[in-house]
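Visitor: I am new to protein structures and would like to learn how to read one. Could you take me through it step by step?

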Amino acid sequence: MSYCDGKWTPVIIMITINSALGLGNAMVKKVLDGGFNHMVIETYRLAISTVCLAPIAFFWERKTRPKLTLNILVQLFFSALIGASLTQYFFLMGLSYTSATLACAFISMSPAVTFVMSLIFRVEKLNIKSKAGVGMVMGTLICIGGAFIQTTYKGVPLTKLHKLDLLTNNGPALKPEKWITGCVLLFAGSSCFGSWMVIQSKVNDKYPCQYSSTVILSFFGTIQCALLSLIKSRDIKGWILTDKLDIMTIIYAGAVAQGICTVGTSWCIRKRGPTFTSVFTPVGLIFATLFDFSILHRQICMGSVIGSGIVIFGLYIFLLGKVKQMKGDGAKKLPSHFGEEEREDDEQYKKSHLMVVPMTP
């Protein structure tokens with residue numbers, strides 16, 4: 001009966017969404033291994049997201065959408081530059097040097113990274129003497145420690161290379177310097193994403209329309225990523241899609257991972273709150289690991305497993321601390337979808353929360 005009354009619907013949706021994102025990670029990694037320009041991938045992905053979400057934004061928010069001024073457009077442009085373009089530039093380049101599993105582990109750090117950025121920009125206040133403050137600091141430090149272990153320690157392989165890779169001597173092993181560089185780039189992408197959360201919170205106050213903002217950000221991000229793609233190559237042939245896997249990956253990443261998952265996550269946040277949705281982030285890590293091994297035939301090493309486990313542990317410590325803070329001080333606003341109370345009032349929800357997912361690797 002609980003399935004019929006919708007009690008488990010948000011749980012099922014969040015598990016499906018995060019597993020879909022994990023699959024998207026593996027598919028994008030497969031395309032990147034083929035030498036495809038990572039910013040061309042993101043340009044196509046954001047363009048598809050713009051087309052998919054535009055009708056939803058137009059019809060759903062046509063009665064509540066405020067006037068779009070030049071000042072808001074400029075703010076959204078720079079928000080897209082930080083949250084979509086630069087975030088994806090660093091993240092996808094880091095993904096090309098590492099693995100889908102490691103990429104998802106760094107995504108799991110996003111709540112803690114956002115918290116650090118909010119402290120740097122003096123948007124979030126921290127009471128270090130409270131249990132909630134200690135929990136959030138400890139969780140953040142544990143997440144960073146897990147990321148450090150993933151970066152510096154690979155450990156012994158827990159799985160064997162695929163037979164085809166052994167026969168062709170074309171295994172996906174990476175040089176240590178590439179692995180470290182990839183981890184640094186992934187952390188840079190996570191830092192950009194955390195900074196974007198803080199910046200976007202200011203835009204929310206003036207333009208509290210989640211889907212319209214997503215469309216505008218995706219549109220600006222499409223143009224910016226197209227320009228950033230020129231850094232790697234200016235050959236027009238790099239934009240021509242001929243391989244079926246490349247086409248399927250870009251459509252899947254744009255329409256499903258970028259568009260449908262954004263809407264689904266936003267719905268779950270409205271029903272259960274942002275902390276609830278954050279708890280399911282490690283599900284993407286688990287599925288990315290499975291896809292990493294089954295699709296990409298990559299070795300799973302001890303360092304990745306230990307580091308990922310520490311990151312997940314740190315995430316839950318941080319979320320527990322945040323929940324205590326919300327209960328203890330009246331749920332002071334954190335300018336991201338990881339630290340707000342569940343909104344029962346729809347108008348208040350729109351003013352305080354914007355569910356935009358420019359980074360859905």
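Guide: We will go from the whole chain to its helices, then to charged pairs and aromatic rings. Please keep in mind that this is a predicted model.

Visitor: Where do I begin? How many helices and strands does the chain have?

Guide: A good start is to list the elements in order. Here the secondary structure comes to 14 helices and 0 strands. Read from the N terminus, the elements run α-α-α-α-α-α-α-α-α-α-α-α-α-α.

Visitor: What share of the residues of the chain count as buried?

Guide: Of the 361 residues, 53% count as buried. The chain exposes about 16,700 Å², and carbon and sulfur atoms supply 68% of that area.

Visitor: And how do I read the contacts in the chain?

Guide: One way is to ask how far apart in sequence the joined residues are. Among contacts between residues at least 6 apart in sequence, 88% join residues at least 24 apart.

Visitor: Let me try a single helix. What span should helix α1 have?

Guide: You can work it out from the rise of 1.5 Å a residue. Helix α1 covers residues 9-33, which is 25 residues, so the span should be 36 Å. The expected span counts one less than the number of residues. The end C-alpha atoms of α1 are 36 Å apart, in agreement with that value. After α1 comes Gly35, whose phi is positive, near 95°.

Visitor: How many salt bridges does the structure hold?

Guide: It holds 2 salt bridges. In one of them, the side chains of Asp33 and Lys29 meet at 3.1 Å, N to O. These two residues are 4 apart in helix α1, so about one helical turn separates them.

Visitor: Are Asp33 and Lys29 buried or exposed?

Guide: The two ends of this bridge need separate answers. Asp33 counts as partly exposed because its relative accessibility is 41%. Lys29 has 0% relative accessibility, so it counts as buried. The cut-off for buried is under 20%.

Visitor: Which side chains meet in a salt bridge of 2.6 Å?

Guide: Those are the side chains of Glu42 and Arg45, with the 2.6 Å taken from N to O. Both residues lie in helix α2 (residues 38-60), 3 residues apart, which is about one turn of the helix. Both Glu42 and Arg45 are buried.

Visitor: Now the rings, please. How is a pair of aromatic rings described?

Guide: The description uses the distance of the centres and the angle of the planes. This structure holds 8 aromatic pairs. Phe193 and Trp196 make a stacked one, with 5.5 Å centre to centre and 25° between the planes. They are 3 residues apart in helix α8 (residues 176-206), so about one helical turn lies between them. Phe193 counts as buried because its relative accessibility is 5%, and Trp196 counts as buried because its value is 1%.

Another pair is formed by Phe219 and Phe220, and this one is tilted: 5.9 Å centre to centre, with 50° between the planes. Phe219, at 46% relative accessibility, counts as partly exposed. Phe220 has a relative accessible area of 14% and is buried.

Visitor: Which residues form one aromatic cluster?

Guide: Phe77, Phe78, Phe219 and Phe220 do. Phe77 is in helix α3 (residues 70-97) and is partly exposed, with a relative accessible area of 32%. Together with Leu70, Val74 and Phe78, Phe77 also makes a nonpolar surface patch of about 390 Å².

Visitor: Could we finish with one helix and a residue inside it?

Guide: Let us take helix α9 (residues 210-228), where Thr222 lies. The helix has 19 residues and reaches 26 Å from its first C-alpha to its last, close to the 27 Å expected at 1.5 Å a residue. Of those 19 residues, 15 are buried, so α9 is largely enclosed by the rest of the structure.

Visitor: Which residues does Thr222 touch, not counting residues up to four places away in sequence?

Guide: Thr222 touches Thr43, Leu46, Ala47 and Thr50. Thr222 itself counts as buried because its relative accessibility is 16%. You can also compare sequence with space: Thr222 and Val40 are 182 residues apart in sequence, and their C-alpha atoms are 9.4 Å apart.

How values were computed: Residues are numbered from 1 along each chain as its sequence is written. This is a predicted model: local features need pLDDT of at least 70, side-chain atom pairs count only at pLDDT 80 or more; totals for chains, interfaces and linings use all residues. Side-chain values use heavy atoms; hydrogens and water are left out. Buried means under 20% relative accessible area, exposed over 50%, partly exposed in between (1.4 Å probe, protein chains only). Contact means heavy atoms within 4.5 Å. Accessible areas come from the Shrake-Rupley method with a 1.4 Å probe; for residues, only the protein chains shown count as cover. Rings of Phe, Tyr and Trp (its six-membered ring) pair if their centres lie within 6.5 Å; planes under 30 degrees apart count as stacked, over 60 as edge-to-face and the rest as tilted. Patches are made of residues with over 30% relative accessible area and no salt bridge: like charges are joined within 9 Å, nonpolar side chains (Val, Leu, Ile, Met, Phe, Trp, Tyr) within 5 Å. A salt bridge is a side-chain nitrogen of Lys or Arg within 4 Å of a carboxyl oxygen of Asp or Glu.
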